[in-house]
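Biologist: I am new to this structure and would like a close look at a single part of it. Please take one strand and follow what surrounds it.

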Amino acid sequence: MALPKIDNLEITKVTEDILLVHQIKHPFFFSCCDGLLILPKKGRNYRTISLDLNIEPKYVNLLNKVYGPISDYVCSHGHLDHICHVHAWEELGAIIHAPFPEAHFLLDLHNFFLGFGFGGGLDYRTVEEFAKLNGYQQSKQVKAFTPGKTFQFDNFKIETISFQGHSKAHIGFLLPREQVFHISCLGFDKPNLETEGFGPWYGFKETSISQYLEDINKAEEIFLQRARFLTSSHSYIVENPDLSPFEYMRKKIKYNQEKVDNALNVSNCTQTSENNAVSHLLDMDLFFPKSRLEGVVYEIYRFWESWIIRKHIQRSKFFQTLGS
Ligand SMILES: [Zn+2]
């Protein structure tokens, strides 16, 4: 079947009946992510299934006209770019599934605020305004599942794979029979071959770089042994045995560590308290161009960057803490 032409959507076939969908222009920084549409196939799934395709409601409705009805929607984790517009799929009748413990972030933004520890530096209004800018609307009903659960929709099987380095709930999707592996937000985020993205993201207290490195190894093994195609939330399709996504993610983390190590040395912060080192390095705009940001966007990026810096300070061989 020919693919529909929808302005501002890029629709690519991963296999004959599995599509990767990408919204090209986004209304704000964290409002969208790419996801998969599993089209109906005789003897497999009778209705379309959507995997983590968080795009603006008008596009959800257009896709539904071509491929609906949608029986189920599975969310990969509770970050804004994965939960903002899920309500649109629910309004079309899809059953919404989301991983524990972030499933309830879709139901109420207060849960999102508390769950990700924003209270440790920001007030609720700041986060609320940022969420609104990204188009967040709550869903009404969400079925929570434990990361690692295997779903079966009719005869279609999906294994969820826990990748906790990014967030406690974060999962990838392995479609074993179709040999498609969607690693969600693990950190392969190159828009195309030539352009770099940010890479793995660990801007909350709960994230862990060492867990991240383990997750990347685990994902690489699964890809090599069990999948032919690799897809993700912010990049293009990669075919086995191309291991560039994993090399890219490891390289980014290593580069970030070097950036923090250098900054600790040049600012004479190798022997001080951790908080002092974090605040010094924050003023250097190492990761985000905060001097060009303002308002809630500045506040949020500063909060995220403080955790990214702190995680690397804690791993730095140049740093000797004098208290906290
Ligand atoms: Zn994420």
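Modeller: The model is a predicted one. A suitable part is strand β5, and a start can be made with its pairing to strand β6 (residues 95-99): the two run in the parallel sense and share 3 bridges. Across that pairing, V74 stands opposite H97 in β6.

Strand β5 also pairs with strand β4 (residues 48-51), again in the parallel sense, here over 4 bridges. In this pairing I49 has D72 of β5 as its bridge partner. The connection from β4 to β5 involves helix α1 (residues 57-67), and β4, α1 and β5 make a right-handed β-α-β unit.

As for cover, β5 spans residues 70-74, and 5 of its 5 residues are buried.

Next comes the loop that follows the strand. The zinc ion has three protein donors, H77 through NE2, H79 through ND1 and H166 through NE2, at 2.1 to 2.2 Å. Along the chain these donors follow the spacing H-x1-H-x86-H. H79 lies in the loop between β5 and α2 (80-83), while H166 lies in the loop between β9 (156-162) and β10 (171-175), so this pair ties together parts that are 87 residues apart in sequence.

Both of these histidines can be checked against the cut-off for burial, which is under 20% relative accessible area. H79 has a relative accessible area of 7%, and therefore counts as buried. H166 is buried too, with a relative accessibility of 2%.

Definitions and conventions. Residues are numbered from 1 along each chain as its sequence is written. This is a predicted model: local features need pLDDT of at least 70, side-chain atom pairs count only at pLDDT 80 or more; totals for chains, interfaces and linings use all residues. Side-chain values use heavy atoms; hydrogens and water are left out. Buried means under 20% relative accessible area, exposed over 50%, partly exposed in between (1.4 Å probe, protein chains only). Two strands pair if DSSP finds at least two bridges between them. A crossover is right-handed if, with the strands pointing away from the viewer, the path from the first strand over the helix to the second runs clockwise. Donors are N, O and S atoms within 2.8 Å of the metal (3.2 Å for Na, K and Ca); water is not among the atoms, so sites may look incomplete.
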